[in-house]
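Take a look at the chain shown here. This report walks through one sheet, a helix that goes with it, and a single residue.

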Amino acid sequence: MDRRHFIRLAGGGAAIVWPCATRAQDGEKVPKVGVLWHATNPEAQASAFRSLAKGFTELGYTEGRIVFEHRFPNDMPDRLKSMAAQLVALNLDVLIAVGDNAASDAKGATATIPIVFILVADPVAAKLVESLQRPGGNATGISSAEIFSKQLQVLKEMMPQLSRVGLLVNASEPTPRPYIEGTQAAAATLGLATDVSEWHSVNDLGPAFDAMKKANVQAFTMSPDGPSSTQRGLIGQIALARGLPVFGWSREGLRGSAVSFCAVDADAICEHAAVYVDKILKGAKPGELPVEQATKLECRVSAKNARSFGLTIPAAWAGRTDIAVD
């Protein structure tokens with residue numbers, strides 16, 4: 001954060017203000033914006049946290065022009081719901097929700113406070129909006145639905161004989177459906193079959209992998225939720241033992257066993273969220289602001305992890321600008 005920012009943490013929440021933010025300038029009302037994240041603290045979301053602040057700063061929201069209330073639920077269902085309720089009770093002007101689960105709980109907590117969601121796979125399937133062009137209701141934002149096709153395209157280029165992809169889904173999470181449907185639709189366009197394996201606890205992971213092997217799955221991905229992220233080390237170990245390459249949704253996975261990941265530019269999206277909030281604060285209705293779909297993607301491949309699964313980097317990737325090899 002910029003040195004002008006002040007952070008007060010308490011019980012998993014944070015109030016972020018600029019100096020003198022409680023005093024309106026020239027009699028103007030100081031808007032209050034809530035942010036429901038999915039991680040544990042500002043440090044865990046450091047880059048996105050700074051990008052969000054940057055977006056507001058560039059729009060002139062400095063020196064007493066805005067107050068933020070942040071909550072960090074660690075993507076735990078109970079905490080997401082309770083923290084969404086906490087934020088709604090603060091009589092916010094706008095509520096920003098980061099990720100599918102946060103957006104779903106924010107929508108469930110209020111039908112009146114404007115919601116700006118970001119990093120949501122399919123807001124229509126998640127019933128956050130009626131349509132992308134005309135959302136209706138009290139929510140709008142930025143969708144990241146375009147990642148599925150690119151993710152599978154990269155994997156198919158690495159594994160030309162690929163015919164069946166697995167989806168390891170944490171069935172305890174409330175919003176895996178958009179990721180299942182998005183991956184299945186993208187797989188169909190590439191002529192790939194899919195197989196869904198569910199888990200609830202770590203004790204289910206071994207049997208889930210056995211089920212994927214029995215179904216002749218050749219590689220798999222996970223739904224990008226809190227428990228899957230927390231257990232990515234164990235999942236990576238089992239994947240290596242079973243010889244099933246895993247492709248992920250974030251850079252962190254490459255530090256484990258993930259072969260590749262494709263993701264939207266989360267920092268750019270967080271920064272752009274300020275534009276939506278600014279429009280709403282100036283009188284725009286969220287239901288009339290079209291949902292944008294992120295188009296800037298980052299794809300990276302770990303050569304080391306690829307070798308661990310017996311994969312090689314395609315020679316045709318030399319000089320490619322849309323795929324980075326580490």
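## Strand 8 and its partners

Strand 8 and strand 9 run parallel and are joined by 7 bridges. One facing pair is Arg-164 and Ala-193, the latter in strand 9. The model is a predicted one.

Strand 8 also pairs with strand 10, again in the parallel sense, over 4 bridges. Here Gly-166 stands opposite Phe-220 of strand 10. Is strand 8 mostly covered or mostly open? It is mostly covered: 6 of the 7 residues in strand 8 are buried.

## The whole sheet

Which order do the strands take in this open sheet? The order is 9-8-10-11-12-14-15, with 7 strands and mixed pairing. Strand 9 (193-199) and strand 15 (324-325) are the edge strands, and each pairs on one side only. In general, the strands of a sheet pair through backbone hydrogen bonds, either parallel or antiparallel.

Now go to the strand 15 edge. Strand 14 (residues 297-301) and strand 15 run parallel, joined by 2 bridges. Arg-300 has Ala-324 in strand 15 as its bridge partner.

## A helix on the sheet

Helix 4 (residues 147-158) packs on this sheet. It touches strand 8 (164-170), strand 10 (219-222), strand 11 (246-248), strand 12 (260-264) and strand 14. The direction of helix 4 makes about 160° with that of strand 12.

## A closer look at Pro-245

Find Pro-245 in the loop between helix 8 (232-242) and strand 11. Why does Pro-245 count as buried? Its relative accessibility is 4%, and buried means under 20%.

What is Pro-245 in contact with, leaving aside its neighbours within four places in sequence? The list is Met-159, Gln-218, Ala-219, Phe-220, Val-259, Phe-309 and Leu-311. Phe-220 has come up before, as the residue opposite Gly-166. Val-259 lies 14 residues from Pro-245 along the chain, and their C-alpha atoms are separated by 6.5 Å.

## The chain as a whole

Step back to the full chain. It has 10 helices and 15 strands. Of its 326 residues, 51% are buried. The accessible surface of the chain comes to about 14300 Å², and carbon and sulfur atoms hold 50% of that.

Contacts in the chain often link distant parts of the sequence. Among those with a separation of 6 or more, 72% are between residues 24 or more positions apart.

Technical notes:
Residues numbered from 1 in each chain as written. Predicted model: local features only at pLDDT ≥ 70, side-chain atom pairs only at ≥ 80, totals over all residues. Heavy atoms only, no water. Buried < 20%, exposed > 50% of the residue type's maximum accessible area, 1.4 Å probe, protein only. Contact = heavy atoms within 4.5 Å. Areas by Shrake-Rupley, 256 points an atom, 1.4 Å probe, with all protein chains shown as cover. Pairing = 2+ DSSP bridges. Axes fitted to C-alpha atoms, helices over the stretch in contact; angles between N-to-C directions.
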